Amino acid sequence: MKNKKIKASNTILGKDSEIEGNMKFIGALTIEGAFKGNILGEGKIIIGLDGVVRANILASDVVIYGQIYGRVSAENKISVYSSGRIFGDVKASTIQINGYIQGDVFINGSAELLGKCELVGDLKYKVLTIQ
């Protein structure tokens, strides 16, 4: 029997979507609607401007324009844009914050604070850049 390769795909949960449960994905996942549960991914997750996620997230990369209520962990990078809000602890190799985080942030590498970012909690990092 030959080994089958798993092909990465792109998944979008639209603005009017409301989903509850556990989700696993490979590739890219964009959430523009509401999700409640847990998310485990091999790839990038993007929380769109209208996205509201009440979940613990573990993925390779996490990009936040919307809101997350729960723990966020990324193997690589987390990017929080000016409209982005995280209410929960955060862990990643690198982070770029231009939004709001209420929770403790643990970064194994570099943390970059941009614009009018706001952090309510502890920030632990190896390298810090403030712009």
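Q: What makes two strands a pair?
A: Two strands pair if DSSP finds at least two bridges between them. The model discussed here is predicted, and the rule can be applied to strand β6 (residues 72–80) and strand β9 (residues 94–97). These strands run parallel and are joined by 4 bridges, so they count as a pair because at least two bridges are required. Within this pairing, lysine 77 stands opposite threonine 94 in β9, and isoleucine 78 stands opposite isoleucine 95 in β9.

Q: How do we know that β6 and β8 pair?
A: They are joined by 2 bridges and run parallel. The rule asks for at least two bridges, so the requirement is met. Here serine 73 stands opposite lysine 91 in β8.

Q: In which sense do β9 and strand β12 (residues 110–113) pair, and over how many bridges?
A: The sense is parallel, and the number of bridges is 3. Since at least two are needed, the strands therefore count as paired. Glutamine 96 stands opposite glutamate 112 in β12.

Q: How many bridges join β2 to β3, and how many join β3 to β4?
A: Strands β2 and β3 run parallel and are joined by 14 bridges. Strands β3 and β4 also run parallel, with 11 bridges between them. In β3, glycine 41 is the bridge partner of phenylalanine 25, while isoleucine 46 stands opposite valine 63 in β4.

Q: Why is phenylalanine 25 called buried?
A: Phenylalanine 25 lies in strand β2. Its relative accessibility is 7%, and because buried means under 20%, the residue is assigned to that class. Beyond its neighbours within four places in sequence, phenylalanine 25 is in contact with several residues, among them Ile39, Gly41, Ile45 and Ala59.

Q: What makes serine 79 a buried residue?
A: Serine 79 is found in strand β6. Its relative accessible area is 7%; the limit is under 20%, so serine 79 is buried. In β6, serine 79 is the bridge partner of valine 63, and β4 and β6 run parallel with 7 bridges joining them. Leaving aside neighbours within four places in sequence, serine 79 is in contact with Val62, Val63, Ile64 and Gln96.

Q: Which residues touch the most other members of the largest nonpolar core?
A: Ile31, Ile39, Ile45, Val53, Val62, Ile78 and Ile95 do so, in a core of 30 residues. Several strands each supply at least two residues of this core, including β2, β3, β6 and β9, and β4 gives the most, with 6 residues. Isoleucine 31 is in contact with residues including Leu13, Ile39, Ile45 and Val53, leaving aside its neighbours within four places in sequence.

Q: How do we know that lysine 15 and aspartate 50 meet in a salt bridge?
A: The distance from N to O between their side chains is 3.4 Å. The cut-off is within 4 Å, so the pair qualifies as a salt bridge. The pair links distant parts of the chain, 35 residues apart: lysine 15 is in the loop between β1 (9–13) and β2 (18–31), and aspartate 50 is in the loop between β3 (34–47) and β4 (52–64). By this rule the count comes to 1 salt bridge.

Q: Why is lysine 15 called exposed, whereas aspartate 50 is called partly exposed?
A: Lysine 15 has a relative accessibility of 58%, and exposed means over 50%, so the term applies to lysine 15. Aspartate 50 has a relative accessibility of 40%. Buried means under 20% and exposed over 50%, so aspartate 50 falls in between.

Q: What makes glycine 66 buried and tyrosine 65 partly exposed?
A: Glycine 66 is found in the loop between β4 and β5 (67–69), and tyrosine 65 is found in the loop between β4 and β5. The relative accessible area of glycine 66 is 1%, which is under 20%, so glycine 66 is buried. For tyrosine 65 the value is 32%; partly exposed lies between the 20% and 50% limits, so tyrosine 65 belongs there. Glycine 66 and aspartate 50 are 5.7 Å apart in space, C-alpha to C-alpha, and 16 residues apart in sequence. Leaving aside neighbours within four places in sequence, glycine 66 is in contact with Ile47, Gly48, Leu49, Gly51, Ser83, Gly84 and Arg85. Tyrosine 65, together with Leu49 and Tyr81, makes a nonpolar surface patch of about 290 Å².

Notes: Residues are numbered from 1 along each chain as its sequence is written. This is a predicted model: local features need pLDDT of at least 70, side-chain atom pairs count only at pLDDT 80 or more; totals for chains, interfaces and linings use all residues. Side-chain values use heavy atoms; hydrogens and water are left out. Buried means under 20% relative accessible area, exposed over 50%, partly exposed in between (1.4 Å probe, protein chains only). Contact means heavy atoms within 4.5 Å. A nonpolar core is a set of buried Ala, Val, Leu, Ile, Met, Phe, Trp, Tyr and Cys residues joined through side-chain atoms within 4.5 Å. Patches are made of residues with over 30% relative accessible area and no salt bridge: like charges are joined within 9 Å, nonpolar side chains (Val, Leu, Ile, Met, Phe, Trp, Tyr) within 5 Å. Accessible areas come from the Shrake-Rupley method with a 1.4 Å probe; for residues, only the protein chains shown count as cover.
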